[in-house]
Amino acid sequence: MRTGFFAAACAAMLAASVGAARADELIESYGAYIGQDDLYNSSNARLTQPWQVIRQDRANVHRFGISQPGDDTDSFFASARNRELAERMISHGRIEHSAARRLLQGDVRIEVQIWRGANGDYININVD
């Protein structure tokens, strides 16, 4: 009886530690060139936030067929719904302030990593 209790307790602790140790999952990564076309929305208004530029870049690639050399395709942002989530995903992810400034100026190459974590999807952005 005592051995059975000990084994059950060990199994429960192992199951709990496996769940707690679960790492975030990389869903997809892609590279993109942020050109001048990516800095303006469909109404020709200048975009002022990194998430807006990411969303516009992906809409240009997937919806409008506008891409620059250096734009990779991705499957995640092919969905208009996922592009709508870009603001929340960047706010939960990582982009350095200097990288955000460079992204907003355009004419830079970026690397985007799309992650799935316990608190939802997020993206990390690096500017080359």
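## A buried glutamine

Let's start with glutamine 68, which counts as buried because its relative accessibility is 14%, below the 20% cut-off. Bear in mind that this is a predicted model. Glutamine 68 sits in the loop between H2 and H3.

What does glutamine 68 touch, once its neighbours within four places in sequence are left aside? The contacts are Tyr33, Gly35, Asp37 and Asp38.

## The sheet

Now for the strands. Three of them make an open sheet in the order E1-E2-E3, and the pairing is antiparallel. At the edges stand E1 (25-34) and E3 (120-127); each has a single partner strand, so one side of each has no neighbour in the sheet. Going from one strand to the next, the twist averages 20°.

Being at an edge doesn't leave E3 out in the open, though: six of its eight residues are buried, so the rest of the structure largely encloses this strand.

## The E2-E3 hairpin

E2 covers residues 108-117 and pairs with E3 in the antiparallel sense, with eight bridges between the two strands. Together E2 and E3 form a hairpin, and two residues lie between them.

A couple of cross-strand pairs are handy for finding your way around here. Arginine 116 is set opposite aspartate 121 of E3, while tryptophan 115 has tyrosine 122 of E3 opposite it. As a general point, side chains in a regular strand alternate between the two faces of the sheet.

## Helices on the sheet

Two helices are worth a look against this sheet. H2 packs on it and touches E1, E2 and E3, with the helix direction at about 85° to that of E1. H5 (residues 97-105) also packs on the sheet, again touching E1, E2 and E3; the direction of H5 makes about 75° with that of E3.

## The largest pocket

H2 turns up again in the largest pocket, where it supplies five residues, the largest share of the lining. How much space lies in this pocket? About 280 Å³. The elements giving two or more residues to its lining are H2 (50-62) and H3 (80-84), the two helices whose connecting loop holds glutamine 68.

In total, 13 residues line the largest pocket, and those nearest its centre are Asn41, Ser42, Arg55, Gln56 and Ala59. By type, the lining is a mix: five residues are nonpolar, four are polar and four are charged.

Conventions. Residues are numbered from 1 along each chain as its sequence is written. This is a predicted model: local features need pLDDT of at least 70, side-chain atom pairs count only at pLDDT 80 or more; totals for chains, interfaces and linings use all residues. Side-chain values use heavy atoms; hydrogens and water are left out. On a 1 Å grid over the protein atoms alone, a cavity is a set of points where a 1.4 Å probe fits but cannot get out, and a pocket is an open set with protein on both sides within 12 Å along at least five of seven lines; lining residues have an atom within 4 Å of a point. Grid points are joined across faces, edges and corners, and a volume is the space filled by probe spheres set on the points. Helices (H or I, at least four residues) and strands (E, at least two) are DSSP runs, numbered from the N terminus. Ala, Val, Leu, Ile, Met, Phe, Trp, Tyr, Cys and Pro count as nonpolar, Asp, Glu, Lys and Arg as charged, and the others, Gly among them, as polar. Buried means under 20% relative accessible area, exposed over 50%, partly exposed in between (1.4 Å probe, protein chains only). Contact means heavy atoms within 4.5 Å. Two strands pair if DSSP finds at least two bridges between them. Axes are lines fitted to C-alpha atoms, for helices over the stretch in contact, and angles run from 0 to 180 degrees between N-to-C directions.
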